[in-house]
Amino acid sequence: MTNNKYILDWVKEMADMTCPDKIVWIDGSEEQAEKLRAEACSTGEMIKLNQELLPGCYLHRTAINDVARVEGRTFICTPTKEEAGNINNWIEPSECYERLKKIYRGSMKGRTMYVIPYSMGIVGSDFAKYGIELTDSIYVVLNMLIMTRVGNDVLDAIGDSDNYIKGLHSKAQLDENNRYICHFPQDNTIWSVNSGYGGNVLLGKKCFALRIASYLGRKENWMAEHMLILGVEFPNGETKYVCAAFPSACGKTNLAMLIPPEVYRKKGIKTWTVGDDIAWLRIGKDGRLWAMNPENGFFGVAPGTNEKSNPNALHTCMKDTIFTNVCHNLDNNTVWWEGLDNNPPKNALNWKGEKWDYTKYDKADKINTSGAHPNSRFTAKAVNCPCLSKEFNNPAGVPVSAIIFGGRRAKTAPLVYQSTSWQNGTFVGSIMASETTAAASGAIGVVRRDPMAMRPFVGYNMGDYWQHWLDMGKIIPHAPKIFHVNWFRTDDNGNFIWPGFGDNLRVVDWILARCEGKVDADLTAIGYVPKPEDINIEGLDGIT
């Protein structure tokens, strides 16, 4: 508990509005978490899985109308529409509060309000920002315990201050017509109602760590970005770090957790994951840009994750994990999803909890015929990742040598090029785009623009966001170099030219060599492109 008057008064005000039967403060202890797991299993909110095969793992199903982020119901609530910008949905704050109060009123009757004090980043570090989420969902509590740093030490760090992010969530009636995820940047407030899906209700993730944090970063001269953080350790023991931003379906998690190709492993080169999704970047005392992953876990997409595509991610979620909307194998009480292996369970329930017949699967109708929902998830502890960096909990973060942007382009973009300056690199990030595939949209080559992979996540006007990038470039004494990559170029027959996956390290290796001034490059109209002989293709068949 706390004696902080701001916190206590706010909790009381929210409780008076939502009317929970009781209030429980979350202390971050394993004992309390275990009681909550048992309660969730007793009510059917979660299913305890085979503890021999999947120790500490559970299955949860959301409502079938509540399976993904709802960008159309996500709002930035600033005094003027101009502040939110033309790509964000906007409601004037006082109007939004009044609209939502009517929905929240009495929404927790018969339920418990859980008070979750959490930190984005290592408690006490210069990077750390603190929040408190109020929720009526045990699922949210247990996910937040994995994804963030929760406990009484957060309340101690907040002290008597009012400087924390106030988050209110209620499942209410899970009414999709009255579903709102609203951000009030000037008030340090997030309100989410009528959803139970992680991306809408784990308020420390996209809501705080990107939308609110991007607003704070602009105000405080730092950056909150939708970026992975990867470390490459060389045989001399030195590790260099890169941040990378990709739109969906462009290999972000695979790059964050890649396994070096054999030719690199034999040389003693290793790769380490610092973060797979979000990076907060600050200027260090040495004038370099330093990055930290504000999260404490991974909220990953399950379908397509397997021993070949991303063994590190697969091994990470084999214990202490909450699976959401995957297929339940009744024969051994485990889970399965499309792309895990070629052995779909014969006796299983699909993501809706219905009896599932794998022979009826239709790729054109995944929602209704798949075992796992295409957006099914695993919430896994970072500490269980085999390639987790030893710097993961370093309160100073890690120094960034390069920032990498990338997209899925069949013809337009080369494998890699370097911007000519920070300002040019900002432009390169601003024009990021990816092409849809036939499987996703029925047409190949439809370009979707996603600047810096932040289109859904900027908490204010995108034009001001770009200006913030330009302004940061003026005050970082030793700024990272900025690059663009494209793993997805195809030949005349539509086949990928580059092998991708672990072999992407070959490109990162060139990028780091450029940062060190170890290799030259050719200046072209789009920037610096590598000399062919400087990309290591040793051991690759068919690449010239």
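These are my notebook entries on contacts, burial and backbone angles in this structure.

**Entry 1: the model**

I am working from a predicted model. I kept that in mind throughout.

**Entry 2: salt bridges within helices**

I began with charged pairs. Side chains of opposite charge can pair when their charged atoms come close. I found 23 salt bridges in the structure. I looked up three of them in detail.

I took Lys12 and Asp16 to start. Their closest N and O atoms are 2.9 Å apart, and the two form a salt bridge. I placed both residues in helix α1, which covers residues 5-18. They sit four residues apart, about one turn of the helix. I checked exposure next: Lys12 is exposed, and Asp16 is exposed too.

Then I went to helix α2, residues 30-43, which holds both Glu34 and Arg37. These two are three residues apart, again about one turn of the helix. They form a salt bridge, with 2.7 Å between the closest N and O atoms. Is Arg37 buried or exposed? Its relative accessibility is 16%, and the cut-off for buried is under 20%, so I list Arg37 as buried. Glu34 has a relative accessible area of 33%, so I list Glu34 as partly exposed.

**Entry 3: a salt bridge across the chain**

I wanted a pair that was not local. Lys205 forms a salt bridge with Asp277, and their closest N and O atoms are 2.8 Å apart. This pair links distant parts of the chain, with the two positions 72 residues apart. Lys205 belongs to helix α8, residues 204-220. Asp277 lies in the loop between β15 (270-275) and β16 (279-283).

I looked up the burial of both ends. Lys205 comes out at 7% relative accessibility, which counts as buried. Asp277 comes out at 9% and also counts as buried. Which residues share the network with this pair? I traced the shared partners and found Lys205, Lys206, Lys252, Asp277 and Glu295 joined into one network by salt bridges.

**Entry 4: positive phi**

I turned to the backbone. I noted two residues other than glycine with positive phi.

Asp320 has phi near 55°. I located Asp320 in the loop between α11 (311-316) and β19 (322-324). Its relative accessible area is 26%, so Asp320 is partly exposed.

Met452 has a positive phi of about 55°. I found Met452 in the loop between β28 (447-449) and α15 (462-475). Met452 has 0% relative accessibility and counts as buried.

**Entry 5: aromatic pairs**

I searched the whole structure and got 18 aromatic pairs. I wrote up two.

Tyr97 and Phe184 form a stacked pair, 4.0 Å centre to centre, with 5° between the planes. This pair links distant parts of the chain, 87 residues apart. Tyr97 is in helix α4 (residues 93-104), and Phe184 is in strand β10 (residues 180-184). I find both Tyr97 and Phe184 buried.

How are the rings of Phe483 and Trp510 arranged? Their centres are 6.0 Å apart and their planes stand at 80°, so I call the pair edge-to-face. Phe483 comes from strand β29 (residues 481-485) and Trp510 from helix α16. The pair links distant parts of the chain, 27 residues apart. Phe483 and Trp510 are both buried.

I also looked for clusters. Tyr97 and Phe184 belong to one aromatic cluster with Tyr104 and Trp191.

**Entry 6: helix α16**

Trp510 led me to its helix. Why do I call α16 largely enclosed by the rest of the structure? The helix spans residues 505-515, and ten of its eleven residues are buried, so that description fits. Among the buried residues I noted Leu505, Val507, Trp510, Ile511, Arg514 and Cys515. Gly517 follows α16, and its phi is positive, near 70°.

**Entry 7: charges over rings**

I closed with charges over rings. Arg514, one of the buried residues of α16, lies over the face of Tyr528, at 5.2 Å from the ring centre. Lys267 lies over the face of Tyr264, and there the distance to the ring centre is 5.6 Å.

Terms used:
Residues are numbered from 1 along each chain as its sequence is written. Side-chain values use heavy atoms; hydrogens and water are left out. A salt bridge is a side-chain nitrogen of Lys or Arg within 4 Å of a carboxyl oxygen of Asp or Glu. Buried means under 20% relative accessible area, exposed over 50%, partly exposed in between (1.4 Å probe, protein chains only). Rings of Phe, Tyr and Trp (its six-membered ring) pair if their centres lie within 6.5 Å; planes under 30 degrees apart count as stacked, over 60 as edge-to-face and the rest as tilted. A charge sits over a ring if NZ of Lys or CZ of Arg is within 6 Å of the ring centre and within 35 degrees of the ring normal.
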